[in-house]
Amino acid sequence: MNLFPLVDAHFHLDLFPDPASLVREIEGAQIHTIAVTNAPSVFRHTQELCSTTTFLHPAAGLHPELVESHGRELPELIRLIPHSKIIGEVGLDYSSPDPRIRASQRTVFSGILESCAAHPNKVLSIHSRRAVSDVLSALGPRFPGIPILHWFTGSMRELERAIEIGCHFSINAPMLRSRSGFALVQRMPSSRIVTETDGPFAKTTGRGAVPQDVAHLVIELARFWDLAENEVRRLILENFSRILPLPSPPAPAPSTPQ
Ligand code: MN
């Protein structure tokens, strides 16, 4: 049976020691991977690594937790936005109680959203730890792009609001293993879900997760949704191709029977 290609919609390729060989492995395994970046100054490198590939999709970003140290790079990100279909990792992180830090994150995030809104149909991979409410307010009810909330850990009420304003969700293995994460995923419309690893921040057996690990997540999702594994692959790939139109329609990748 031919299996549909996997999807890793949030992966930090550039934070691994040998990204070039990872690119070859991901490309060989035919896993659609969004390679997010945390600062505009490192985007070019990831963009070059992905330039001759079919399955790697680079994203220009500015991580909220780096706003203090790299916030001055915002103009550089604003210059990149017209040229990058995918923007991420961006968002807000309220782990810090410091109101100054939160305020500067909000300034940077609204600058990014404003620029994205001027270039419609951008795909955004958004971090929202402890800040879902402000992230959703910043997006507003009619954001002219496709927001993907990555590793969503908000409340059920915040989830309802996110669904209402059209957000998509990239979910990972740790989410399914936490009771609250599991309940949130149950409530998410399956047509708005794509898979992610968030490697190397998320770990698998003590090492940073890589796109190949999505295969295990798919098995868990197959149990979760009571679907065949390849049906889950097809669903996720279809969802992903609605977010990011792929050069050819989703088709099963040739693979050895299993
Ligand atoms: Mn991340």
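**Exercise 1. Packing around helix H10**

Task: In this predicted model, find what covers the buried residues of H10, and check the length of the helix.

Solution.
- Step 1. List the buried residues of H10: Val 214, Leu 217, Val 218, Glu 220, Leu 221, Ala 222 and Phe 224.
- Step 2. Look for their cover. It includes strands E1, E7 (168–171) and E8 (193–195). Helices H8 (173–177), H9 (179–187) and H11 (229–243) are also part of the cover.
- Step 3. Compute the span. H10 covers residues 214–225, 12 residues in total. The expected span is 1.5 Å times one less than the number of residues. That gives 16 Å, and the end C-alpha atoms are 16 Å apart, so the two values agree.
- Step 4. Inspect the residue that follows H10. This is Asp 226, with a positive phi near 55 degrees.

**Exercise 2. The nonpolar core**

Task: Which residues have the most contacts inside the largest nonpolar core, and which element gives the most to this core?

Solution.
- Step 1. Take the largest nonpolar core, which has 78 residues.
- Step 2. Rank by contacts inside the core. The leaders are Leu 13, Ile 112, Leu 139, Leu 149, Phe 152, Phe 169 and Met 188.
- Step 3. Assign the core to elements. H10 gives the most, with 6 residues.
- Step 4. Set this against the general trend. In soluble globular proteins, nonpolar side chains tend to be buried together.

**Exercise 3. Phe 152 and its ring partner**

Task: Describe the geometry of the aromatic pair formed by Phe 152 and Phe 169, and state what the pair ties together.

Solution.
- Step 1. Count the aromatic pairs in the structure: there are 4.
- Step 2. Read off the geometry. The centres of Phe 152 and Phe 169 are 6.0 Å apart, with 85 degrees between the planes. An angle over 60 degrees counts as edge-to-face, and this pair is edge-to-face.
- Step 3. Place the partners. Phe 152 lies in the loop between strand E6 (146–150) and helix H7 (156–164), and Phe 169 in strand E7, so the pair ties together parts that are 17 residues apart in sequence.
- Step 4. Check burial. Phe 152 counts as buried because its relative accessibility is 1%. Phe 169 is buried too, at 0% relative accessible area.
- Step 5. List the contacts of Phe 152, leaving aside neighbours within four places in sequence. They are Ser 128, Val 132, Glu 158, Leu 159, Phe 169, Met 175, Leu 184 and Met 188.
- Step 6. Contrast another pair. Phe 11 and Phe 16 are tilted, at 5.1 Å centre to centre and 35 degrees between the planes. Both of these residues are buried.

**Exercise 4. Strand E4 and the manganese ion**

Task: Which strands pair with E4, and which residues coordinate the manganese ion?

Solution.
- Step 1. Find the strand partners. E3 (residues 56–60) pairs with E4 in the parallel sense over 2 bridges. E5 (residues 123–127) and E4 are also parallel, over 4 bridges.
- Step 2. Follow Ile 87 in E4. Ala 60 stands opposite Ile 87, and Ile 87 stands opposite Leu 124 in E5.
- Step 3. Check enclosure. 6 of the 6 residues of E4 are buried, so the strand is largely enclosed by the rest of the structure.
- Step 4. List the donors. His 10 (NE2), His 12 (NE2), Glu 89 (OE) and Asp 198 (OD) coordinate the manganese ion at 2.2 to 2.3 Å. Their spacing along the chain is H-x1-H-x76-E-x108-D.
- Step 5. Connect the site to the fold. His 12 lies in the loop between E1 (7–11) and H1 (19–29), and Glu 89 in E4 (residues 86–91), so this pair ties together parts that are 77 residues apart in sequence. Both His 12 and Glu 89 are buried.

Methods:
Residues are numbered from 1 along each chain as its sequence is written. This is a predicted model: local features need pLDDT of at least 70, side-chain atom pairs count only at pLDDT 80 or more; totals for chains, interfaces and linings use all residues. Side-chain values use heavy atoms; hydrogens and water are left out. Donors are N, O and S atoms within 2.8 Å of the metal (3.2 Å for Na, K and Ca); water is not among the atoms, so sites may look incomplete. Buried means under 20% relative accessible area, exposed over 50%, partly exposed in between (1.4 Å probe, protein chains only). Contact means heavy atoms within 4.5 Å. A nonpolar core is a set of buried Ala, Val, Leu, Ile, Met, Phe, Trp, Tyr and Cys residues joined through side-chain atoms within 4.5 Å. Rings of Phe, Tyr and Trp (its six-membered ring) pair if their centres lie within 6.5 Å; planes under 30 degrees apart count as stacked, over 60 as edge-to-face and the rest as tilted. Two strands pair if DSSP finds at least two bridges between them.
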